[in-house]
Amino acid sequence: MRSRRRRESGVVLVIVLVFALLLTSTVATFVRRAMVDRMISHNREAAARAEALARGGVRFATVLILEDKLESQNGQALDTTADLWSQIANTEIPIDDSSTLRIRIQDAGELLNLNAVFQLDENGIANEKAEPMLEAILNKVIDEMPIPEAEKLWDVPELAANLIDYVDRDEVRLRGGAEDDVYQRRDPPQRAANRPLMSLDELRLVEGFDDRLVEALRPYLTVYPYGGLTGINLNTAPPHVLSLLFFDDGVELRLAPEETVREILRVRSEEGRICPDGQADEGCTPIRQIVTNAIYPPPTFQSDVFVAQVEADVSGVRRTVEAVLDRKVGGAPLLLSWRVL
């Protein structure tokens, strides 16, 4: 009898332990789920606040470039790296709740506008200088790519011709044949754009261009403003972009040599600004004193299109908004594109 009671007590103890274990597991699961839900809710709220903060940063950048335009109307209309919009580049702005805002404003003229190289006429035919300039740019960029020489298999003349064929408005290849033949054989079939490029990534659609080449070109080129005819801003472009200036040095059409780039940088550093031909205000050097022959495409000295990239950090959650703004028309700048990165 006593042995039977002991067995029953043992069974009850095992049952109690099993239920206790199940209860502990249930409580632990509930606590873990509550913590996960709390983290998800916190991150969702932080992400929403970060995106709202980044959007506000774009508005701040818009005010800066608009204010700069208003000030230039009362003085010399030149955009340089000394302007306020440039000085705040990569500036981190602390917010009262420990959030941070980093704003970067880039003048589109800091890069070469690829659409300007074509200089399409009223019939949609590219300028005769477009092909040699594209070949010079492609040769330079490919030569500088940090990959083995054996992998540099691109046919530069063919690439330049294919790019012009993709953009110009006729239907005939520069080398003969129909422009769309190669594109129609793709799956799905495509056609040459016969219009200015809408993004640098569109180069991947052009026959012969691939991801590696497009990424190598990215530090040099842009496509803003769409279809614009002006080239590099001589007062804001970095050295590697200034090296894409294309002109007749008295012997041949070529990209700017190192001494020309150094002289432009020296003038910007010591004398202040570079001006258009015929303008010789104090602290401003006409480009003709540096490059005697015409530059193709014609450089610019002021800007209307800017890329504002704003990164907001809220409790470790980051959101980045990029906006392209055109301030050419009076009033509020025109928003050309907007994306959350």
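This passage walks through selected side-chain features of a predicted model, from a surface patch to a network of charged residues.

A helpful place to start is the surface of the protein. Ile-15, Val-18, Phe-19 and Leu-22 together make up a nonpolar patch there, with a combined accessible area of about 390 Å². One of these residues, Val-18, belongs to helix H1, which covers residues 2-72. Val-18 is classed as partly exposed because its relative accessibility is 43%.

Attention now turns to an acidic residue, Asp-165, in helix H5 (residues 156-167). Asp-165 is buried but takes part in no salt bridge. The nearest side chain of opposite charge belongs to Arg-173, at 4.6 Å, whereas a salt bridge requires a side-chain nitrogen within 4 Å of a carboxyl oxygen. A polar atom of the Asp-165 side chain does lie 3.0 Å from the backbone nitrogen of Leu-174. Leaving aside residues up to four places away in sequence, Asp-165 touches Val-172, Arg-173, Leu-174, Glu-179, Ala-192 and Asn-194.

Across the whole structure, 24 salt bridges are found. One of them pairs Asp-180 with Arg-191, with an N to O distance of 2.9 Å. This pair connects distant parts of the chain: Asp-180 sits in the loop between H5 and helix H6 (181-184), and Arg-191 in the loop between H6 and H7, eleven residues apart. The partners have their own surroundings: Asp-180 counts as buried because its relative accessibility is 8%, while Arg-191, at 53%, counts as exposed. Another salt bridge joins Arg-195 and Glu-202 at 2.8 Å, N to O. Here Arg-195 is partly exposed at 32% relative accessibility, and Glu-202 is buried at 8%.

Which residue forms a salt bridge with Arg-204? The partner is Glu-215, and the closest N and O atoms are 2.8 Å apart. Distant parts of the chain are again linked, with Arg-204 in the loop between H6 and H7 and Glu-215 in helix H7, eleven residues apart. Both count as partly exposed, Arg-204 at 29% relative accessibility and Glu-215 at 39%. Salt bridges with shared partners bring Asp-201, Arg-204, Asp-211, Glu-215 and Arg-218 together in one network.

Arg-218, a member of this network, is located in the loop between helix H7 (211-217) and strand S4 (221-222). Its relative accessible area is 31%, so Arg-218 is partly exposed. The side chains of Arg-218 and Glu-215 share a polar contact of 2.8 Å. Residues touched by Arg-218, not counting those up to four places away in sequence, are Leu-111, Leu-200, Asp-201 and Arg-204. Between Arg-218 and Leu-200, 18 residues apart in sequence, the C-alpha to C-alpha distance is 7.4 Å.

Terms used
Residues numbered from 1 in each chain as written. Predicted model: local features only at pLDDT ≥ 70, side-chain atom pairs only at ≥ 80, totals over all residues. Heavy atoms only, no water. Patch = residues over 30% accessible without salt bridge, like charges linked within 9 Å, V, L, I, M, F, W, Y side chains within 5 Å. Areas by Shrake-Rupley, 256 points an atom, 1.4 Å probe, with all protein chains shown as cover. Helix = DSSP H or I, 4+ residues; strand = E, 2+ residues; numbered from the N terminus. Buried < 20%, exposed > 50% of the residue type's maximum accessible area, 1.4 Å probe, protein only. Lys, Arg positive; Asp, Glu negative; His and termini not counted. Polar contact = N/O pair within 3.5 Å; in protein donor to acceptor, adjacent residues only side chain to side chain. Contact = heavy atoms within 4.5 Å.
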